[in-house]
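Hi,

Here is the structure I promised to pass on. Have a look at it first, and my notes follow underneath.

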Amino acid sequence: MKMANSSIIPIKFLILVALANICVSQDFDFFYFVQQWPSSSCDTKQGCCFPQTGKPASNFTVHGLWPNFNNGSFPSNCKSVENSFDESKMSDIVPRAETSWAAFSCPSKKKTNSTNSDNMKLWKHEWDKHGTCSHSVLHQHAYFDFTLNLKDHIDLLQILLNNGIKPDGKNYSVEKIRQVIKEAIGFKAGIRCNTDVSGNIQLNEIVLCVDKSAASRSFIECPVLPDANCPDNVEFPIF
């Protein structure tokens with residue numbers, strides 16, 4: 001009997017640790033709201049594919065809404081039975097998401113002959129990796145709806161165009177991009193860059209921070225900005 005009782009204790013301990021990890025994994029401090037410039041996703045060595053709906057409009061698209069910690073780390077893949085991705089919950093979201101949250105990754109040639117990107121696969125990935133970690137605040141439908149509402153509220157392209165910053169293949173000051181965004185919304189943005197096939201550094205992503213309460217239009221000053229990987233001036237490529 002003593003041996004049986006002693007074997008029960010470690011099992012109970014492991015269960016408690018597992019439950020604690022689930023709770024911790026769903027705790028976070030703020031969101032990164034990330035928008036990407038589609039041309040910069042396409043003009044790379046990997047290239048890109050468009051959804052079956054065709055080439056998206058020349059505008060920023062959502063990359064994701066990502067829970068983060070104040071120390072710069074982030075939770076991920078907080079999946080459980082109760083928050084697994086349910087495609088049926090996307091039915092009324094799809095028309096908006098197809099326009100504002102399009103996929104650009106090409107499918108594996110080993111798995112399909114299609115040349116189209118897969119929007120639903122992208123949305124599932126974003127929910128599984130990031131959205132599940134905000135499930136205590138936003139269930140699946142609310143997560144996508146809230147993110148698309150943020151996109152509708154902040155028209156980054158128009159902010160840049162109003163200040164003479166155009167997707168015309170020319171170089172623009174990163175500091176000027178940050179400045180005009182802060183003047184428009186009141187908060188500093190993170191700017192991310194990547195490299196095109198010719199070796200030019202181009203504007204890739206713009207990152208804003210959102211309060212963890214997910215209240216309407218709850219932009220905040222970023223507790224920590226993503227790592228800066230841009231030179232002083234970057235190309236804003238044509239799409």
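**Helix H7 and its surroundings**

The cover over the buried residues of H7 includes helix H6 (156-161), strand E3 (171-173), strand E4 (190-195), strand E5 (201-211) and strand E7 (233-235). By buried I mean under 20% relative accessible area, with a 1.4 Å probe and protein chains only; contact means heavy atoms within 4.5 Å. Helices (H or I, at least four residues) and strands (E, at least two) are DSSP runs, numbered from the N terminus.

A word on the source: this is a predicted model, where local features need pLDDT of at least 70 and side-chain atom pairs pLDDT 80 or more, while totals for chains, interfaces and linings use all residues. Residues are numbered from 1 along each chain as its sequence is written, and side-chain values use heavy atoms, leaving out hydrogens and water.

Back to H7: its buried residues are Val 174, Ile 177, Arg 178, Val 180, Ile 181 and Ile 185. At the N-terminal end, Ser 173 acts as the cap, with a side-chain oxygen 3.3 Å from the backbone nitrogen of Glu 175. Just past the helix, Gly 186 has a positive phi of about 90 degrees.

As for the whole protein chain, there are seven helices and seven strands, in the order α-β-α-β-α-α-α-α-β-α-β-β-β-β from the N terminus. Of its 239 residues, 42% are buried. Among contacts between residues at least 6 apart in sequence, 75% join residues at least 24 apart.

Cheers

Technical notes
Buried < 20%, exposed > 50% of the residue type's maximum accessible area, 1.4 Å probe, protein only. Polar contact = N/O pair within 3.5 Å; in protein donor to acceptor, adjacent residues only side chain to side chain.
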